[in-house]
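Work through the exercises below with the sequence and the structure at hand. Each task is followed by a solution in steps.

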Amino acid sequence: MNKKKSISYAKWGYIFILPFFISFFIFSLIPLADTIRLSFYEYYRATLKIVGPNYVGFQNYKELLSSDMLVYAKNTAILWIIGFIPQIVIALLLASWFADIRMKIRGAQVFKVIIYLPNIIMASAFAMLFFTLFSTNGPVNSILLQMGVVTKAIDFMGTPFGVRSLVATMNFLMWFGNSTIMLMAAIMGISPDVVEAAEIDGCNGYKRFFYITLPMIRPILTYSLIVSMIGGLQMFDVPQILTNGQGNPDRTTMTLIMFLNKHLRANNYGMAGALSVYLFIVSGILCFIVYKITMDDDKTGTKAEEKAKKKREKERLKQMKKEGK
Amino acid sequence: MKRRILSALLTVSMVASMLVGCGSAAAPAADAAAPATEEAKADDAAPAADAAASDEGKVINIYCWNDEFRTRVEAIYDKVVETNEDGTVTTLTDGTEIHWVVNPNQDGVYQQKLDEALMNQATAAADDKVDIFLSEADYVYKYTDAEADVAIPLTDLGIDPDTDLANQYSFTKVTASDQNGVQRGSTWQCCPGVLVYRRDIAKEVFGTDDPTEVGEKLKDWATMKNTAEELKAAGYYVLASYADTFRLYGNSIANPWVSPGETSIKVDPQIMDWISSSKEWLDAGYFDPAVKGQWNDDWNKDMGSASKVFAFLFPAWGIDFVVKPNWDGAEGSWGVTNPPSSYNWGGSYVHACAGSDNLGYAKDIILAMTANEDNLIKISKDYSDFTNNQAAMQKAASDDSFSSDFLGGQNPFTYFSPVAEGIQMAPLSAYDQGCVELIQSSFSDYFQGQVDFEKAKENFETGIKERYPDITEVVWP
């Protein structure tokens with residue numbers, strides 16, 4: 001039988017994905033390679049004179065390690081954690097309420113839109129709003145004073161705790177809606193059969209949440225944790241605007257990207273490149289974890305069991321051998 | 001996330017452009033008028049410029065940080081025909097177009113954009129080259145530097161500073177000169193600082209609101225401290241913030257922050273004095289503890305009628321531009337008197353840029369804006385600038401028609417002029433803006449008790465090395 005020439009549609013596929021790869025190459029890959037290259041150079045602008053580029057090897061990396069970079073990494077982590085914990089807790093709670101058909105929440109759609117709204121506001125505008133609201137003579141302080149809650153205006157912007165809580169509150173407000181919607185989708189993906197079966201067996205809401213919902217949405221939960229972590233690593237706009245780029249007080253709200261921005265402002269491409277490479281490595285590791293989670297190699301959910309089975313088999317064989325001897 | 005960062009940057013620049021009027025040069029409280037003596041001179045200059053203009057490029061690019069310079073050029077430059085609606089292009093009589101390239105001053109954005117353009121000056125097309133640019137007193141030195149050679153010496157333009165700019169205040173000429181004393185820029189404004197006080201508080205505490213008697217109570221730091229104690233007993237603060245007094249100390253430093261050819265920052269003893277007295281005064285309760293630095297909401301509110309703050313230290317522009325919009329009480333509640341020491345604050349310098357193809361116009365505009373006495377008086381009248389002309393300003397000081405209703409009928413020029421004459425310009429360096437900004441923000445934490453003195457010093461060192469990678473060490477007195 002003659003081999004019939006088949007019509008290949010594959011080339012159209014390549015043509016359609018070509019624009020992405022071209023723009024990725026120009027706008028992402030080349031700058032990425034260039035950043036890594038520059039990180040090995042001493043290259044900055046001193047007033048109007050350009051210094052470099054001179055090859056300095058790993059000097060920039062060493063210098064960064066001896067600078068306050070790790071302190072800023074700690075700041076970033078703190079800001080992220082105290083924002084993320086309330087965010088995920090509230091989001092879980094809301095998601096399970098909204099997804100629960102029996103609760104019969106009226107106007108659920110309206111609430112979903114409303115909790116998502118803070119995310120639509122520009123982060124910088126939001127930060128400026130908070131800056132005004134929580135200034136020492138601001139509206140929040142005057143309300144507290146008039147209600148007699150406090151006797152003296154609270155200096156929100158003057159203490160590390162105050163500024164950090166404000167940043168965390170803002171991040172929480174902006175992102176809990178987003179998490180809620182995502183978790184809700186996950187919860188609604190749980191087969192109703194399981195829930196119904198559990199309920200017939202007399203399972204209450206509390207148990208349903210902890211023994212059915214939570215385990216079933218674990219992949220999505222981990223995913224949102226990692227994505228939020230990567231987002232937190234890049235935290236910039238809110239603390240930058242709130243503290244006017246200074247990370248006040250005492251640089252306790254200076255995040256890694258604000259630190260990067262400081263180097264870019266000084267046109268210090270070498271140092272900024274080295275810092276970016278550090279961030280790239282950390283993000284890369286986190287991305288790899290996400291990849292591992294989403295690329296499910298245990299589709300039937302029986303992998304662990306099979307492994308245990310194998311082990312048992314092995315041991316049985318061993319035993320038999322021993323006995324045979 | 002990228003989008004968020006982008007939008008953040010856009011907002012930063014938007015906000016910065018809103019605020020830019022504050023920090024930079026600006027619109028003052030003066031209503032000057034004085035007879036013209038330099039008409040002939042300006043007329044002489046004009047034909048020469050015309051001749052040069054004929055073979056010049058058709059586009060003049062002017063780099064600046066707000067519309068202040070444009071509005072003044074429109075008002076006084078006789079070759080201006082019209083400006084388009086969004087204020088980006090001004091057409092001149094011979095069809096030449098001025099293109100205004102505006103970037104906000106705050107946080108070094110303007111300098112960054114200008115630096116980029118200057119780097120590309122050699123390769124840019126003739127109509128894209130920078131022809132004229134402005135700089136502020138805080139970083140003028142960076143652009144007048146002889147080695148960088150980006151601002152053309154005035155003599156090369158055909159302007160003789162000794163005759164053409166004879167009436168300018170000499171410190172403005174020194175400020176615009178490079179390390180060899182060659183003047184490379186010129187300004188139309190002069191920003192002598194004064195002390196603006198609340199008349200009602202003065203009456204209540206001192207029993208008088210007369211500027212001379214109040215001035216006597218604030219004539220030097222020691223006297224002012226006693227006055228502060230007196231005000232404190234009555235429940236008032238003498239000033240709003242420690243940042244308010246910074247220019248008074250910062251302008252009397254003996255050596256520049258960075259000496260030419262060096263890569264170390266030397267902190268002047270005057271700055272240390274500012275730090276120790278600020279800490280002392282804040283702890284003693286002479287400043288409003290709620291205010292951190294300047295240009296923020298708390299600071300602005302302290303200019304309102306509900307505030308307990310007695311006085312502010314401002315140059316001419318501050319009264320009209322900052323105090324007035326924030327004041328919500330009766331007209332005539334403020335007065336002007338002498339500051340505890342002479343100082344100046346701000347000022348926009350005009351430079352012709354090396355490589356420009358419009359040098360004739362550059363000369364013409366610089367002369368019209370900064371040398372022509374008629375024009376300067378018009379600027380003083382229309383925009384209440386304290387302009388850079390000794391003769392005219394001296395006349396204004398003794399002319400009662402310059403009195404201001406906002407200041408209770410007082411003529412502020414009587415206080416501006418002597419201060420302007422007493423200004424000794426501090427030695428400048430190209431690093432001034434960063435040093436001034438960072439020393440204030442680093443020690444802010446120290447004043448408020450967040451960090452100890454050593455940690456504040458350390459934070460300043462970290463910050464300054466980040467901002468200027470070529471700085472290797474900071475030397476403390």
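**Exercise 1. Describe how buried and how spread out chain A is.**

Solution.
Step 1. In this predicted model, chain A has 325 residues, and buried residues make up 29% of them. A residue is called buried if 20 or more other C-beta atoms lie within 10 Å of its own.
Step 2. Count the elements: chain A has 14 helices and 2 strands.
Step 3. Compare with the globule rule. For 325 residues the rule gives 20 Å, but the radius of gyration of chain A is 27 Å, so chain A is more spread out than a compact globule.
Step 4. Add the extents: the C-alpha trace of chain A spans about 80 × 65 × 60 Å along its principal axes.
Step 5. Look at the contacts with a separation of 6 or more in chain A: 69% of them join residues 24 or more positions apart.

**Exercise 2. Give the corresponding values for chain B and state its domains.**

Solution.
Step 1. Chain B has 477 residues, of which 53% are buried.
Step 2. Its elements are 21 helices and 13 strands.
Step 3. Among contacts of chain B with a separation of 6 or more, 77% are between residues 24 or more positions apart.
Step 4. The domain assignment splits chain B into domain 1 (34–190 + 346–397) and domain 2 (193–343 + 423–475).
Step 5. The centres of domain 1 and domain 2 of chain B, taken over C-alpha atoms, are 31 Å apart.
Step 6. Where the two meet, 13 residues of domain 1 of chain B are in contact with 14 residues of domain 2 of chain B. On the domain 1 side, α5 (140–144) and α8 (170–175) of chain B give two or more residues each. By class, that side has 6 nonpolar, 4 polar and 3 charged residues.

**Exercise 3. Which strands pair with β10(B), and in which sense?**

Solution.
Step 1. Locate strand β10 of chain B at residues 309–315; 7 of its 7 residues are buried.
Step 2. Strand β7 (residues 193–198) of chain B pairs with β10(B) in the antiparallel sense, over 5 bridges.
Step 3. Strand β8 (residues 237–239) of chain B pairs with β10(B) in the parallel sense, over 2 bridges.
Step 4. Find A311(B) in β10(B): Y197(B) stands opposite this residue, and L239(B) also stands opposite A311(B).

**Exercise 4. Describe the largest nonpolar core.**

Solution.
Step 1. Recall the background: in soluble globular proteins, nonpolar side chains tend to be buried together.
Step 2. The largest nonpolar core has 183 residues, and those that touch the most other members include A95(A), V196(B), Y237(B) and F310(B).
Step 3. Helix α7 (residues 160–188) of chain A gives the most to this core, with 12 residues.
Step 4. From chain B, domain 1 and domain 2 each supply at least three residues to this core.
Step 5. Leaving out residues up to four places away in sequence, A95(A) touches T180(A), L183(A), M184(A) and I187(A).

**Exercise 5. How many residues does each chain bring to the contact between chain A and chain B?**

Solution.
Step 1. Chain A brings 37 residues and chain B brings 34 residues.
Step 2. On the side of chain B, the elements that supply at least two residues each include α4 (109–119), α20 (432–447) and α21 (453–467). Helix α1(B) gives the most to this side, with 7 residues.
Step 3. Sort the side of chain B by class: 13 residues are nonpolar, 8 polar and 13 charged.

Definitions and conventions: Residues numbered from 1 in each chain as written. Chains lettered and ligands numbered in written order. Predicted model: local features only at pLDDT ≥ 70, side-chain atom pairs only at ≥ 80, totals over all residues. Contact = placed C-beta atoms within 7 Å. Helix = DSSP H or I, 4+ residues; strand = E, 2+ residues; numbered from the N terminus. Nonpolar A, V, L, I, M, F, W, Y, C, P; charged D, E, K, R; others polar. Buried ≥ 20, exposed ≤ 12 C-beta atoms within 10 Å, placed from the backbone. Core = buried A, V, L, I, M, F, W, Y, C linked by C-beta atoms within 7 Å. Domains from an automatic or database assignment. Rg over C-alpha atoms; globule rule 2.2 N^0.38 Å. Pairing = 2+ DSSP bridges.
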